[in-house]
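Student: Hi, could you walk me through a structure today? I'd like to start with the charged pairs and then move on to packing.

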Amino acid sequence: MTHSDPHLRGADPRVAGGRLTVDLDALAANYRFLAEQSTPAEAGAVVKADAYGLGTGPVVEALVAEGCRKFFVALPEEGLAVRASAPEADIYVFNGLFSPEAASFYREGRLLPVLNSQSDLAIWEAHGWDDGETPRPCALHLETGMNRLGLSAERANVLAQENALTGALTPRLIISHLACADSPDHPMNRQQLESFQALCALFPGAESSLANSAGIFLGGEFLCDVTRPGVALYGSNPVSGTTNPMRPVASVHARIAQLRHVPAGGTVSYGATPLSRDTRIAVTATGYADGYHRSGSGAGVPLRSALPEGAHGFVGGRRVPVLGRVTMDITLFDVTDLGPDALQVGDFIELMGPNVPVDELASACGTISYELLTSLGHRFERHYLGGGGPV
Ligand SMILES: *Cc1c(COP(=O)(O)O)cnc(C)c1O
């Protein structure tokens, strides 16, 4: 499937250094699974940061086709991009009512701001849109422990009293965010739930939403009325340390630009990492500028606090280790064990995908799947598989 939007079409496949493949059927299956786990709550979808790097348009279309009716983004322009693919959905913007001018973006896209502060409340009261029945619809973010965004408990109490009199705002959704959801036994989870429930009682007309991907697996009361899965939709394990129930969605393949033989004692890449054996090297045209992190560099490279063996690719049925430092445009792989004729220039090595899970690559790079996905570069050719929707 090719896409008409140049950003989504990606680089020209004849000359791209790598390939990003997004399996929309796997995404849809992940949404169905998360929606089932969220029952009786309704599952929304978090599609901020260009749908975690995978492309807002096709991702949102696939989720709309699965019945998703609530989307969450970080910034107003991301909301407008979602609106283009989801004409009927509720689109909530987590952190973007920076000034009165910002309100015009919300009006244009019928976007719903998540109000986080006194300033947000004032801007929305003065400049919010109004559809007649519901003046200035919005969500409220209530602080319960992250101390990132959100109204304090005191402010929420005052607001509830004032707004009951004035009706200036129509809070449709009350949200808060869990700090430790991926640690199911952490006492913070229950503390935040209890604070949140007490505060939600102030706004009886609104729905409530607390759980991100990991929060869904806390189950029960954590589900509230609406869940907000993000990273699990895109294939990452929502609860680390358990078997991943999600299907892989994103695959990245790097094109082999050159194959070379270097005898034992030779050196590779910046910093001259020495080779301990005669080595066949696949030189691929993908590097950290494409989001293949430098911290995934090979064994013996002293720049990393991540796994000591570095990242692996996958080709010819085998895992192949990164050799030496990952550079901006080039990454080297040790393909000696595949035998001399197994690969050709122009072949592809899987950097991430069904054989190199996103969470495994992230931990090899000393980071998390979120950072890995959202830093995927824009030099890949892109393929969207499945999805069924028109493109
Ligand atoms: C990013 C985000 C989410 C989604 O979190 P995941 O861990 O990716 O499921 C949910 N809620 C808020 C407020 C967020 O910022």
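Tutor: Happy to; below we go through salt bridges, a helix pair, a strand and one threonine.

Student: Anything I should know before we start?

Tutor: This is a predicted model, in which local features need pLDDT of at least 70 and side-chain atom pairs count only at pLDDT 80 or more, while totals for chains, interfaces and linings use all residues. Residues are numbered from 1 along each chain as its sequence is written, and side-chain values use heavy atoms, with hydrogens and water left out.

Student: Great. How many salt bridges turn up in the whole structure?

Tutor: The search finds 14. A salt bridge here is a side-chain nitrogen of Lys or Arg within 4 Å of a carboxyl oxygen of Asp or Glu.

Student: Which residue meets glutamate 66 in a salt bridge?

Tutor: Arginine 32 does, at 3.1 Å from N to O. The two sit in distant parts of the chain, 34 residues apart: glutamate 66 is in the loop between helix H4 (56-65) and strand E4 (70-73), and arginine 32 is in helix H2 (residues 24-38). Helices (H or I, at least four residues) and strands (E, at least two) are DSSP runs, numbered from the N terminus.

Student: What about the pair of lysine 70 and glutamate 42, how far apart are N and O?

Tutor: That salt bridge is also listed at 3.1 Å, N to O. Lysine 70 is in strand E4 and glutamate 42 in strand E2 (residues 42-43), so the bridge ties together parts 28 residues apart in sequence.

Student: Is lysine 70 buried or exposed?

Tutor: Lysine 70 is buried, at 8% relative accessible area, whereas glutamate 42 is partly exposed at 28%. The cut-offs are under 20% relative accessible area for buried, over 50% for exposed and partly exposed in between (1.4 Å probe, protein chains only).

Student: Which residues share a salt-bridge network with Glu42 and Lys70?

Tutor: Asp90, Arg172 and Glu207 are linked with them.

Student: And what does aspartate 334 bridge to?

Tutor: Its partner is arginine 277, with the closest N and O atoms 3.0 Å apart. Aspartate 334 belongs to strand E17 (residues 331-334), while arginine 277 is in the loop between strand E13 (273-274) and strand E14 (279-284), 57 residues away. Aspartate 334 counts as buried at 9% relative accessibility, and arginine 277 as partly exposed at 34%.

Student: Switching to helices: at what angle do H5 and H6 pack?

Tutor: Helix H5 (residues 76-85) and helix H6 (residues 102-109) pack at about 10 degrees, with axes 10 Å apart. That makes H5 roughly parallel to H6, the label for angles under 35 degrees (over 145 is roughly antiparallel, 65 to 115 roughly perpendicular and the rest oblique). The axes are lines fitted to C-alpha atoms, for helices over the stretch in contact, and angles run from 0 to 180 degrees between N-to-C directions.

Student: Which residues meet there?

Tutor: Pro76, Glu77, Leu80 and Arg83 in H5 meet Phe105, Tyr106, Glu108 and Gly109 in H6. Contact means heavy atoms within 4.5 Å.

Student: Now strand E6, which way do its side chains point?

Tutor: In strand E6 (residues 112-115), Leu112 and Val114 point one way and Pro113 and Leu115 the other, and all are buried.

Student: Last one: where is threonine 56?

Tutor: Threonine 56 is in helix H4, and counts as buried at 9% relative accessibility. Leaving aside residues up to four places away in sequence, threonine 56 touches Val47, Asp50, Ala51, Ala81 and Val82.
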